[in-house]
Every structure is written in C-alpha cells, then in structure tokens.
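Biologist: Could you walk me through this one? I am new to it.

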Amino acid sequence: MDMKWWVIGVCIIVILGISGWIWQDVRISPSELLICHTLQEGVDGGPSLVFFGSKEETERYMNVLYGVKPFDEAKDRFTVSYIDSVVPTCELYKGIALLCYSRELVQQAAACEHEYIVVLQEQPAVIRSSAFKGVISLNTAHQLSVFAHEFGHAFGDFAEEYTPASLPSSSDNCQASCDDFAVSDGCYQGCSETGYYRSIDLGIMRSLQTTQYGIWHEAYLRDLLGVQGSSSITGNAIAPGDCATQSYSLVHLVKRDGKTIIQGVSAETGCALPVSTVETTSFQIFTDAQEIHALQLTGETFAFEGDLFIPVSGAVETLAIKTNGQLVGEVHLGATLCRA
Ligand SMILES: [Zn+2]
C-alpha cells in the first residue's frame, strides 16, 4: 500500500478519535479506477455528468436534454463523460422503482469529474425511473424525455407537478399562491399537493408528453446555469482532470428512524466535489413512470432510510451534517492538514 494512504488513514483515525465520534469502521481502500471517457468538456461550475452506458446512449440522452429550454442555450457549459466497462448493480426500490445507488457506484463514478451520475438499465415499463440526490436511474423502456424530468429533480430541485406527491420544502416550482411566480405560463391548482399551484399546465415535471419545463422553470434554470438570455457568464474551460491522481474521503452515514449516524470514513482515489455540508432531509427518492397513452406521470416520493455514501474532495477539512438547517454533527476529515 502506498505510504501516502497510510498517512491519510492514520490522520483520519486520529482526528476522528479526538473529535469524540463513535464510529465503527475505517476502510482504506484505494482501488483501480475505471477508464473514464470524456464526451464533452464544459466550463468550470457548469453541470457535470457521468453516464454508465455506451457513448451512443450517452449522446442520445444528452441530445434530449439539449433539445429542452434553457439547456439548448447552455450546451457548452456541460461536462459529460461515460463509463462503459461495468454494468452497475441496481435494485428495485420497494419493488417499484429502479434505484442504482451503492457504495460501489459512488466509488466507480469517481473515475470521472461529476456532480450527477446517470445509470441506464432496461426494465419492464411499469418499473419507475428515479432521481435520488445526484443519482439518476433511468429505465430505458421509458420515453427518452424521462431524463429531462429526472434531471429537473436532481439539478433544479423541482418537485413533482402531478398530484398526489410529496412536496420537499426546498422546491420552489410549487407555490401556495399564484402571486409567488414572478413569471409564468399561467397558474394551475395541483402541484405535488392539491393546495399548491404550478406555473404551467403541462410541463416536463408533470408529463413526459411535452418538451418544455415552463418559462418560470427556464428562468430558474438559467440562473443555476449561469446563462442570462443570450449572454452567457464566461467560464473557464475545464482541463481534463486526471482523477487517478486525486484523493477523496468517502463518508458513510446511516439514516434510520429520522436519525443520522456516522458509520465510518474511507480514503479513496478519484474525483469528488468539495462538499462541506450534508442536509439529511434532502435525501428524497423521486420515482416516476408514465403509461404510454397517459397524459401525466404518476409516482411517489420517499424519504430515504439506509446507507449513504458522501464523496468529499481532499481539500475539505470538515463535513457538517445538518437536519432542517440545524447542525447535528461534524466529520473532521483533516485531509488538508494530513496530506502526505
Ligand atoms: Zn418526478
């Protein structure tokens, strides 16, 4: 084992120990990274996606997104890569939705710079596609536009615009009053819950039979993308990063009965984002499917319980764990102090 990993590992053990955390395992498992194929290099701060699938599949789904406003104006901001050497293991969440989330998937995705992971797998059409934080699991038996819907959850933090569904408090596309939309295509009752309103009758967050989110959503997404109208905020092009030379900490949390405990931390090789805060209430699983002749999607949103794996780049010293914005714990990674 590389001496650097021993030093990082020992530092994590010492720092976690003196921080008073009770935790059960520290795994030091630098492993061979998979080959990452870069399809497109975007700009610093733009959305970055890694697909588990072929080049052709990745292009097919990205072209769906690029055909939707406002992503059509921001194609050059996306960083897109794919991994075609493994087939991730997925589960059928509650027997009804495809969910490809595991420690192994998070570790494999670290071969590519990314914020979002997209896994493609064919299932019977009744099995729903899902979005779980940055992990999008697409049933390839669904219309291609399901990708725009699930990316709306993952990137825009949009709630379902069909009813009934759960309404996350962080979502802004469903409002209690029509006056809360600065711009809109209209105002329609029913947005996750019957007492809330949506700004478009039939947008992507309600139906796969359309190719628009709505003008309220477009303005919201332009802000996130850093594009305003026809002018784009200039960003520096990202040089292709070599994730094999980078290190990160994989923080293992367990969420159960509304409580979150820190299970362990492992030192890993690969790319990760400089995440400094985890909001435990944000771990929602959106699950969706639309029958072929139906006008609207149906589905459910679940509050996730179980194992969570948070990759944190080597530059971050402390990961704050929050519930409803209140600090409930900290993981002291100390990687900066201890970098070999
Ligand atoms: Zn949905």
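Modeller: Here is a talk about one sheet and a helix that lies across it. This is a predicted model, in which local features need pLDDT of at least 70, side-chain atom pairs count only at pLDDT 80 or more, and totals for chains, interfaces and linings use all residues. Residues are numbered from 1 along each chain as its sequence is written.

Biologist: What is the order of the strands in the open sheet?

Modeller: The eight strands follow the order β1-β3-β2-β6-β8-β7-β16-β17, with mixed pairing; strands are DSSP runs of E with at least two residues, numbered from the N terminus, and two of them pair if DSSP finds at least two bridges between them.

Biologist: And which are the edge strands?

Modeller: Those are β1 (37-40) and β17 (298-303), each of which pairs on one side only.

Biologist: Switching to helix α2, which of its residues are buried?

Modeller: T58, Y61, M62 and L65 are buried in α2, meaning that 20 or more other C-beta atoms, placed from the backbone, lie within 10 Å of their own, while exposed means 12 or fewer and partly exposed is in between. Helices are DSSP runs of H or I with at least four residues.

Biologist: Why do they line one face of the helix?

Modeller: Seen down the axis of α2, the buried residues fall within an arc of 100°, so they line one face; the arc is that of the directions from the helix axis to the C-beta atoms.

Biologist: What is on the other side of α2, buried or exposed?

Modeller: E56 and N63 are there, and they are exposed.

How values were computed: Contact = placed C-beta atoms within 7 Å. Axes fitted to C-alpha atoms, helices over the stretch in contact; angles between N-to-C directions.
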